[in-house]
Amino acid sequence: MHPMRKQRLQIVVMIIAASAVAAGLIIYKLGQNANFFYTPSQVLSGEAPEGTFIRAGGMVVEGSVRRDPNSLAVDFEVTDGSAILGVRYTGILPDLFAENEAAIAAGKVDQNRVLQASEVLAKHDEKYTPPEVAESMNAAYKAKQKRKADKL
Amino acid sequence: MNWNWFYRMGSPRWFYETTSRWLPWLGALTFILLVGGLVWGLAFAPQDAKQGNSFRIIYLHVPASFLALAGYFLMAAAGAIGLIWKMKLSYMVMKCAAPLGAVLTFLALFTGAVWGKPTWGSYWVWDARVTSMLILLFLYLGVLALQYAFNSKDVGNKASAILALVGTVNIPIIYKSVDWWFTLHQPATITFTQAPSMHPAMFQPLLVMILGFYCFYAVALILSVRVEILARERKTSWVRERVKQAAQNSLGATL
């Protein structure tokens with residue numbers, strides 16, 4: 001390769017390397033501050049800032065969703081497996097909101113450690129399945145659980 | 001090492017004449033893949049168990065996002081070749097890839113917003129994936145703007161090539177953002193290492209659409225580079241000859 005071009009190639013490589021190092025440092029220092037939401041454990045352990053607007057997310061606990069029959073108010077709990085955070089929200093929930101699915105609630109945590117949410121978002125996973133396949137998979141899963149329970 | 005093939009590829013005339021032969025085939029292939037993939041995906045693929053029919057926007061959202069990222073690499077590589085070898089054609093490719101990439105990035109963001117409302121419950125969120133994708137749009141617009149920010153074409157080319165190179169770090173950030181941080185956006189369905197977490201009946205039309213978008217990108221980029229070649233090489237004899245011939249042909253057609 002021509003020495004001139006070799007030199008310019010080195011400059012190009014240096015530009016890429018320098019910007020990669022800069023971006024790497026930014027990402028390293030940004031760390032978990034760039035998260036979109038906190039987990040219930042982070043909120044309850046005090047890791048999340050208190051008395052200010054935050055987002056908290058996790059799986060909606062099965063059987064925890066209680067709707068007020070006279071208003072749009074709804075109570076539910078989200079969990080990350082180790083801690084459970086109560087959420088209170090007044091408004092229309094997204095279509096994909098369901099028990100055992102992930103949801104993210106945004107608002108302030110009150111004195112009773114309940115998140116008073118002004119917005120609730122549903123988080124879906126990266127899996128896509130046709131309804132019939134999902135149904136048969138669910139049936140197979142339930143049959144397996146039942147066999148397990150029968151053995152005990 | 002013999003670099004002749006490389007220099008021949010950098011000749012605008014060679015590019016123009018070769019792509020003249022490719023374009024009809026590539027165009028037909030693009031048309032078949034896009035129409036076939038769309039009909040297959042929108043009408044025949046099964047709906048999703050949770051999202052119903054709204055998941056079908058994936059057949060535009062994912063291919064557009066793929067090409068927005070891949071197109072950035074192509075633009076940056078063209079910029080690097082331009083910087084190192086001072087190839088005219090390479091800078092033309094970089095210049096034409098910028099608006100194309102910007103449109104694809106916008107399409108990815110727009111379809112994402114349309115998809116986000118019925119599934120997440122919001123058109124827009126500032127999570128790591130959506131925000132880094134917005135930065136990609138600004139990078140494309142920046143490369144485009146720098147092209148016209150200088151009186152000298154050469155300085156404009158160099159400046160946009162350097163910006164394109166610096167911006168490449170954003171591509172892996174976009175790709176890994178859903179793994180590095182908690183985001184509202186779900187992790188990747190299609191990865192290099194694992195089988196796609198999607199039923200084959202839904203994945204096959206998506207694959208066709210991705211291939212179709214790659215072909216569409218190639219056709220759009222080639223067409224746009226050809227216009228750029230004609231504009232920049234208008235004083236050369238081979239372009240004059242072609243224009244004269246085309247004018248005679250169309251004159252003959254009207255008479």
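In this predicted model, A:M59 stands opposite A:T79, a residue of strand β3 of chain A. This pairing is a convenient place to enter the structure, and the strands around it come first. β3(A) covers residues 73-79, and its pairing with β1(A) is antiparallel, with 2 bridges between the two strands. β1(A) also pairs with strand β5 of chain A (residues 102-109), where 6 bridges join the antiparallel partners. Within β5(A), A:A103 is the bridge partner of A:G58. Strand β1(A) itself spans residues 54-60, and 5 of its 7 residues are buried, so the strand is largely enclosed by the rest of the structure.

From this strand it is helpful to turn to a loop residue of chain A. A:F36 sits in the loop that links α1 (3-30) and α2 (40-44) of chain A. A residue counts as buried when 20 or more other C-beta atoms lie within 10 Å of its own; A:F36 has 22 such atoms within 10 Å and is therefore buried. Its C-alpha atom is 9.2 Å from that of A:I54, although the two residues are 18 positions apart along the chain. With neighbours within four places in sequence left aside, A:F36 is in contact with A:R55 of its own chain. The other contacts of A:F36 are with chain B, namely B:V125, B:D127, B:A128, B:W181, B:F182, B:T183 and B:L184.

These contacts lead to the interface between the chains. The contact takes 32 residues from chain A and 38 residues from chain B. On the side of chain B that touches chain A, the elements giving two or more residues are α3, α4 (88-119), α6 (153-167) and α8 of chain B. Of these, α3(B) gives the most, with 4 residues. By class, this side of chain B has 24 nonpolar residues, 11 polar residues and 3 charged residues.

Chain B as a whole has 9 helices and 0 strands, and its pattern along the sequence reads α-α-α-α-α-α-α-α-α. Its C-alpha atoms fill a box of roughly 60 × 45 × 40 Å along the principal axes. Of its 255 residues, 37% count as buried. Among contacts in chain B with a separation of 6 or more, 76% come from residues 24 or more positions apart.

Two helices of chain B that contribute to the interface also pack against each other. Helix α3(B) (residues 58-85) and helix α8(B) (residues 200-232) have axes that come within 9 Å and cross at roughly 40°. Angles from 35 to 65 degrees fall in the oblique range, and the two helices are therefore oblique to each other. Their crossing is right-handed. On the α3(B) side, the contact is made by B:I58, B:Y59, B:V62, B:P63, B:A64, B:F66, B:L67 and B:G71. On the α8(B) side, the contact residues are B:P205, B:L206, B:M209, B:I210, B:F213, B:Y214 and B:Y217. By class, the residues of this helix contact comprise 14 nonpolar, 1 polar and no charged.

One of the contributors from α3(B), B:V62, gives a residue-level view of this packing. B:V62 touches B:L206 and B:I210, not counting residues up to four places away in sequence. B:V62 has 19 C-beta neighbours inside 10 Å and so counts as partly exposed. The C-alpha atoms of B:V62 and B:S90 are separated by 28 Å, with the two residues 28 positions apart along the chain.

Note on methods: Residues are numbered from 1 along each chain as its sequence is written. Chains are lettered from A and ligands numbered from 1 in the order in which they are written. This is a predicted model: local features need pLDDT of at least 70, side-chain atom pairs count only at pLDDT 80 or more; totals for chains, interfaces and linings use all residues. Axes are lines fitted to C-alpha atoms, for helices over the stretch in contact, and angles run from 0 to 180 degrees between N-to-C directions. Angles under 35 degrees count as roughly parallel, over 145 as roughly antiparallel, 65 to 115 as roughly perpendicular and the rest as oblique. A crossing is left-handed if the near helix is turned anticlockwise from the far one by less than a right angle, and right-handed if clockwise. Two residues are in contact if their C-beta atoms, placed from the backbone, lie within 7 Å. Ala, Val, Leu, Ile, Met, Phe, Trp, Tyr, Cys and Pro count as nonpolar, Asp, Glu, Lys and Arg as charged, and the others, Gly among them, as polar. A residue is buried if 20 or more other C-beta atoms lie within 10 Å of its own, exposed if 12 or fewer, and partly exposed in between; C-beta atoms are placed from the backbone. Two strands pair if DSSP finds at least two bridges between them.
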